[in-house]
Amino acid sequence: MKAIDNKKLLWVVIALVVLSLLEFYSLIHQPTDKPPKKKEHAQSRRAAYHFTAPDHWKNDPQRPIYVNGKYHYYYLYNKDYPKGNGTEWRHAVSQDLVHWKDEGVAIPKYTNENGDPWSGSVVIDKKNSAAFGKNAWIAILTQPSKDGSKQEQFLWYSTDNGKTFKSYSDKPVMTNPGTKDFRDPKIIWDTQHNKWVMTIAEGNKIGFYESSNLKDWKYTSGFSTENLGVLECPDLYMMRADDGTMKWVLGVSANGSTIGEPNTYAYWTGSFDGNTFAPDQEKPQWLDHGFDWYGGVTFEDGAASDPYEKRYAFAWMNNWAYPHNTPTLKEGFNGMDSVTREIKLISRDGGAYYLASQPVKALEDLKGKTKTYEKIEVDGSKALDVKADIYQLETDITWKEAKNIGLRLRESDDKKRHIDVGINAADQYSYVNRSFTDHPDKENKFSESKAPFDAAKKKVHLKVIVDKTSIEVFVDDGKAVHSNLVFPRFEDEGISLFSDDRKATFDNLKVSHLKGN
């Protein structure tokens, strides 16, 4: 290589020094009117503490079962979404119902001549009644059969603690009785009558069936409904109320929109004699009044000594009116569940009963920094001096003459965008209004969820949990709950209190930041 003379070398050094000075000058004189970009991971829409699909798609939850200190959860998953169809059962486990570990697909789709696996339920066959071995895991689920794609029930079993399931037969254990809709079998062991009992959604009816071996099923009765659409995902269980009374509860995913009721989880309290369910009243109650709590399941506290005192529940947070409208598609997934709730059966005057919901206690372990306000009086609106995007807010509100009282959450700096949570005292209902922020319903038909509220008592306790794309509101003891998807902008983190037409007092207000799971 030819040597460089001293003069040329000097010019090279000078040029490098000048370039370095120019680069340094540009760095220290960057315009300051634009905020620095957030790190890419901070802009994720993936929920911080809700169960979400690891990728692609999830919808219906299957009832979790508790084995050896862990809850085993299966859900409908589509690895080909959005380009392909067909669901299969994916598996996750948890010890506290907040932190989940993915275990992969347990029942793959299109592994036999029938269609893809749909919803069903898993039980542990402790007495080997199905002859697959003591403590075999038995799943009975719906598949569209190869014989005309009729909805029929097929049995799958596992002898490796639920990691993988095998198909018992290409033939159904329950053939279609001649109805279009015949799906979502839910099995329980009826300790009172010493037999397996199954509920199945059959159009506007819930069918009841019995079996001694999980293979041969006999129809015993039906429970018919009106104005609740096509029923899905039935649920049957016994609970002990707070007054000591034992009650059976029949639940179902239903659409009451034509009669001004929710499209979530309807339920009746009543009695069950092993064959027939008799409701306490004709009209159902609702476990959630929001727009996004569907395919709900309830299940026992596996660690409790008393299986009837309380249950847990969660649901798919979406709505078949707009299932594919979510910003998470940009991150390669679509599907989230509500937080797990603890539900108890509460007695009322006149011998009536209802289910009360509260967030599972393990969520408390996610609490980080908390800001507390002992007492705030509001006449109009008042902004808090705290901002947050992932948090729990809890407060007691009292009023005398105010007509509309509540909270504006995920509020923009200019106050134009926000989610409203409150009590309409004039018209006697609690509500969540998402029409002032982005949300999945592009037609804006589902903008304000409502639940009946007795405003005569002039007080309410609100517990609100907010995540990246969701808000869940528990009113008083949780007789009314609103679960809704919301898509606020990342920068909208304000919190304001409001009271229209007179003063309201907000006591013991706490805003607790929640850490991711």
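In the predicted model, the charged end of R90 sits over the ring of Y77, at 4.6 Å from the centre of that ring. A second arrangement of this kind involves R311, whose charged end sits over the ring of Y237, 4.3 Å from its centre.

R90 belongs to strand β4, which spans residues 88-94 and is mostly covered, seven of its seven residues being buried. In a regular strand the side chains alternate between the two faces of the sheet. In β4, E88, R90, A92 and S94 point one way, whereas W89, H91 and V93 point the other way, and all of these residues are buried.

Strand β4 has pairing partners in both β3 and β5. With strand β3, which covers residues 70-78, β4 pairs in the antiparallel sense over seven bridges, and within this pairing H91 of β4 is the bridge partner of Y74. With strand β5, which covers residues 101-107, β4 likewise runs antiparallel, the two being joined by five bridges; here the bridge partner of R90 is V105 of β5. Strands β4 and β5 form a hairpin with six residues between them, and in the turn L97 has a positive phi of about 65 degrees.

Aromatic contacts were examined next. The count of aromatic pairs in the model comes to 30. One of these pairs is formed by Y73 and F314, which meet edge-to-face with 5.0 Å from centre to centre and 80 degrees between the planes. Because Y73 lies in strand β3 and F314 in strand β20 (residues 311-316), this pair ties together parts that are 241 residues apart in sequence. Y73 has a relative accessible area of 1% and is therefore buried, the limit being under 20%; F314, also with a relative accessible area of 1%, is buried as well. F314 takes part in a further edge-to-face pair, with F299, in which the centres are 5.6 Å apart and the planes stand at 75 degrees. That pair links distant parts of the chain, with F299 in strand β19 (residues 294-300) and F314 in strand β20, 15 residues apart. F299 counts as buried too, at 1% relative accessibility. The residues Y73, F299 and F314 are among the members of one aromatic cluster, which also includes F51, Y66, Y71, Y75, W100 and Y312.

The nonpolar cores complete the description. The largest nonpolar core has 37 residues, and those with the most contacts inside it are L384, W399, L409, I471 and F506. The elements that give two or more residues to this core are β24 (367-383), β25 (391-399), β26 (404-411), β27 (419-424), β30 (459-467), β31 (470-475) and β33 (494-514). Of these, β33 gives the most, with six residues. When residues up to four places away in sequence are not counted, L409 touches Y391, L393, H418, I419, V421, V464, V466, I471, G494 and I495. Apart from this largest core lies another core, of 24 residues, among them Y71, V297, F314 and I390. Both Y71 and F314 in this other core are also members of the aromatic cluster.

Definitions and conventions. Residues numbered from 1 in each chain as written. Predicted model: local features only at pLDDT ≥ 70, side-chain atom pairs only at ≥ 80, totals over all residues. Heavy atoms only, no water. Buried < 20%, exposed > 50% of the residue type's maximum accessible area, 1.4 Å probe, protein only. Helix = DSSP H or I, 4+ residues; strand = E, 2+ residues; numbered from the N terminus. Pairing = 2+ DSSP bridges. Core = buried A, V, L, I, M, F, W, Y, C linked by side-chain atoms within 4.5 Å. Contact = heavy atoms within 4.5 Å. Phe/Tyr/Trp six-rings, centres within 6.5 Å; stacked < 30°, edge-to-face > 60°. Lys NZ or Arg CZ within 6 Å of the ring centre and 35° of its normal.
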